[in-house]
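Please walk through this model with attention to how its parts touch one another, and to how far each part can be trusted.

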Amino acid sequence: MTPWSLETLVPLPVLVPLFAAGLALALHRYERAQRIISVVALSVVVAAAAGLVVAAQDGPVVIDVGGWAAPVGVNLVADPLAALMLLVSSVVLLCVLLYSMAQGIADGNDRTAPATRDTKILQEAIRGQDADADEDTRRDVLPVAIFHPTFLILAAGVADAFLAGDLFNLYVGFEILLAASYVLLTLGGTVERIRAGSVYVVVALLSSIVFLVAVGLVYAATGTVNMAQLAERLPDIDPGVRLGIQGLLLLAFGIKAAIFPLSAWLPDSYPTAPAPVTAVFAGLLTKVGVYAILRTQTLLFPRNEALEAVLLVLALATMIVGILGAVAQDDVKRLLSFTLVSHIGYMIFGVALATQASTAAAIFYVVHHITVQTALFLVVGLIERRTGTTSLDRLGGLATMAPGLAVLFFVPAMNLAGIPPLSGFLGKVGLLEAGVVDGSGLAWVLVVGSVVTSLLTLYAVVRAWNKAFWQPCPEKLPEPTPLPWGMVGPTAALVAVSVGLTVVAGPLYAYADRAAESVMDGRTYIEAVFPDGAPRGTGESNKTTDHTEEVAP
Amino acid sequence: MIVLDTVPSGALLLTVGVLFAAGVYLLLERSLTRVLLGFVLLGNGANLAILVAGGRAGAPPITGATAEPMSDPLAQAMVLTSIVITLALVAFVLAMAYRSWQLHGHDEVQDDLEDTRIARLADADAPSYADSDAEESGSTLDEEAVAVRDEVALPDRETPSGTTRGGEDA
Amino acid sequence: MLHLGPFALVPWDQPAQLVIAAVVVLAAILTARARRRLKAVILAGVAGYGNAALFLLHGAPDLALTQVLCETLTLVVMVLVLRRLPPYFSDRPLAASRWVRLAIGVVTGLVVMTFVAAAPLVRVHTPVSVDFPVEAETFGGGRNIVNVTLVDIRAWDTVGEISVLLVAATGVASLVFLRQRSGDVLRLDRAANAQAVASGERAGNQPARRGKWLLAGPTLDPGQRSMLFEVLTRVIFHPMILFALFLLFSGHNAPGGGFAAGLVTGLALTVRYLAGGRFELGEAAPVHPGLVLGTGLFLSAGVGLVALLAGQEVLESTILDLHIPVLGDVHLVTSLFFDIGVFLVVIGLVIDILRSFGAELDRQAEPFAWSIGERRRVEVRTGGDRA
């Protein structure tokens, strides 16, 4: 290949952040350098992802890492779905990075603070006596040098999970992003974060083991872990074993995507992290799970009506249980965490219907939800910065106190609830249409459940809006601290992006439809990986798929 | 030449089963050290499972060393990756267990405070189910939270957080 | 071969496999039953070493080597942390649910066993790995197929894996040090100052006292020193490093490679730390682990980027047959640089672990010392010794 062909872009979203993370860690004493490295690296990723979105229109862009022909080596595949997810997630990651730099996760500089104050702060933080201690105090105890490298590695892990064309590499991608998320979630090691982190880490470790065993079983049953080859080989094997493997993969990804009943850990652990970390977790990490479900269930396995029915029931339960939890919450962060779980149900609904229209709607919904959910958590971070609390019982009067903040909250909140003509509305309508077209009894139940969930979401966010912004404040809030532009800017940008999705809804929906087409019908994917239907490349592996004689006795 | 016979060995199967049973049993514990040991056992079990997935035993996969069929190198490469990842995560969980001990004097996973608070309100028939729009003074909530925290989070206020303190006051 | 309904299995591959499997099974069951932390950790270690033996019997020397090294490191690290934790697990409040948990465990074990027994039997295709031997030698330039797979064929996985190592190492340090991530390396001159302050002298340019066998030996409490251990450490440290380098450079054709080499180096450092205390660690590895970790990932990911910029596929290796006057013909594969990156990351991980669980825990424990149930302030101040 030539140096600057489009294929060159494919590995960049993973490699550049990793390279930058290594550099940032080696330069851990130079905070300024770290900041520049991170911002440049993630900007390069955004540019590369944008390029891939354009390139993938004409079919998946594939590279063989190290030049090893597809079934032998690892390959990366940027099909329309992967490219779209990559672009959205990299934009979100860049916004969150800028926000967190202004918020000062990275500036708990222990060299300047006087020792006595240090000691006091440290003791307080260690005892965690005052969970609502003002943000400044908590910020001071966050470790300096590790935020940037860890965040970059998280970005690399997310990108690798999207691009992986190999099941074991998908496992590695998950491990990268999970390991980074463990560190980010327990930053500073306060009582709350260690408690929440313990739950999160134990659950995630369990899901990783399930995933690893499933990969092993896939290899046992098919003799390959290459996804394109799996799509060819899995239909040939014993249906019982295949269903078992499918179930195990669904279990592993279901935990990550927080599908009921595997969702209990989420509202418990996410809200305790620093605001930008919560934002990126809520926006992205669960969606990586949804993406993995979409990719494996549609590309690798032949359709299975019974499993689809089970998924539909789970989608309904996820929606309803999640939103009922949200309605009961008094804390904005927890409320949003519950709506997050609830709206995962919509995406699973789309995946479970397993038609091209429903999958397209689900993909559109994922894109919408990543931006809106992240934006909302960033706004909540601003509220917390401004008032020192996120409890609805203590907030009030923000509409007059901070009209700008009110707008920033109101727009994505309405979008989340699905008010026309915003993108949330369009995504939901797409899902409902697909459900109606399906026409089965269960699909109708889901359609009704979706509408109810949407109304309850509206109730939950309006209640939050009323209490925090509209009603007079129940107690005197502390002196308002000015919000740094570095925090407001990225938040506003992300809100603008989420509104922008409505503006470009037409082309975006068309793109999602193309992405759905390519995952539903695996042939384009397989042909891109193995042109002319045979494994490509220079290696001797060409003969691999030619002989398919029985090897088991 | 790779071993193509995939008939599993009963001895390895039994080992995998027992490692998983013991691992899950430990993982359901509260003590992070035991959870960690459970994870270590599960990791070992998963690695053996992948080895079984690669087929039966054979010669070491080094070309030219022997003419006998070799055991599957791809399965081995995957296991090696997984061993190293497990090592890294074990170290991290251990750090978390240590930190938890430093904070609480034990290394047990705690319940969620907010859940506990809501459960307590429900037990006391307090207005958690009543519309929370109703007037409810913040101080009550705070007192509740403090009470819950005392019970769940800090059984002993003078627990060894002093270790770090000690380091700092030098 | 036995046939049980739809299943077919052989009782064992070799009789020795059955014996070792029995040891692992027993160790796993006893681990679950142990109420004493140390006992549980050691039993889990036995299960791990048993696994290594099973790998070796299966024809996987690289796995066995890595597993032994990892298990040893895990054991050392766990024991380092267990010094601080209470000796027994508490019994509350789960005793009642024990049978439920046991039932869940047993059911899980049976389900996994069934899956693992069934899946290999349904394979109808040839595994992709049949081509690995030829590919590895022709295109990867190495005879150790597993190593070529790790650093070349599936190098992409390995890049991901070392980034997990890097993140975990920084995470460990962040949780143990909390906010002194940029802390300095503990060199001997720091110890000298600390001792001066402890004995009431003025801190300043105290010349560091250097030990006869280990540089930092004199910083230890005389009651805790073991001359034999120090001599032994002195004798084996350098051979261990040499062995590690041998593993690193021979890994392409024989068991070894960057992981194993990094772990051996890490264990050599561990021995130095155990024998000579935390200042010995600082003297043995006088660099900040962040630098080592960062450089390692920088190198490995950089190899990929360089290949990309040179117009090759990302991470593509090149075989160079050079003729160097003194050394003669040198057969060099560029994936060696990638493996050196892996080597550095592993060393960085070990240094980070040692200085967190070893050195920092020592330091945190020094101003206070506790026996079970009561805490007693020890009148030793470590003055300038702040990380």
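Thr63(B) lies in the loop of chain B between α2 (32–53) and α3 (73–104), where helices (H or I, at least four residues) and strands (E, at least two) are DSSP runs numbered from the N terminus. The model is predicted, so local features need pLDDT of at least 70 and side-chain atom pairs count only at pLDDT 80 or more, while totals for chains, interfaces and linings use all residues. Residues are numbered from 1 along each chain as its sequence is written, chains are lettered from A and ligands numbered from 1 in the order in which they are written, and side-chain values use heavy atoms, with hydrogens and water left out.

With a relative accessible area of 13%, Thr63(B) is buried (under 20% relative accessible area, against over 50% for exposed and partly exposed in between, with a 1.4 Å probe and protein chains only). Not counting residues up to four places away in sequence, Thr63(B) touches Met70(B) as well as Pro133(C), Glu137(C), Gly142(C), Arg143(C) and Ile145(C), a contact being heavy atoms within 4.5 Å.

The largest nonpolar core has 357 residues, and those with the most contacts inside it are Leu170(A) and Phe357(C); such a core is a set of buried Ala, Val, Leu, Ile, Met, Phe, Trp, Tyr and Cys residues joined through side-chain atoms within 4.5 Å. Helix α3(B) gives the most to this core, with 23 residues. Leaving aside neighbours within four places in sequence, Phe357(C) is in contact with residues including Ala91(B), Leu94(B), Ala95(B), Val77(C) and Leu80(C).

Aromatic pairs, in which ring centres of Phe, Tyr and Trp (its six-membered ring) lie within 6.5 Å and planes count as stacked under 30 degrees, edge-to-face over 60 and tilted for the rest, number 23 over all chains. Tyr182(A) and Tyr200(A) form an edge-to-face pair, 6.0 Å centre to centre with 80 degrees between the planes. Because Tyr182(A) lies in helix α7 (residues 167–185) of chain A and Tyr200(A) in helix α8 (residues 191–222) of chain A, the pair ties together parts that are 18 residues apart in sequence. Tyr182(A) is buried at 2% relative accessible area, and Tyr200(A) is buried at 4%. Ring pairs link both tyrosines into a cluster with Trp265(A), Tyr270(A), Phe281(A) and Phe92(B).

Confidence is expressed as pLDDT, the predictor's confidence in each residue from 0 to 100. Chain B has a mean pLDDT of 73, and 64% of its residues reach 70 or more. Over residues 125–170 of chain B, pLDDT stays under 50.
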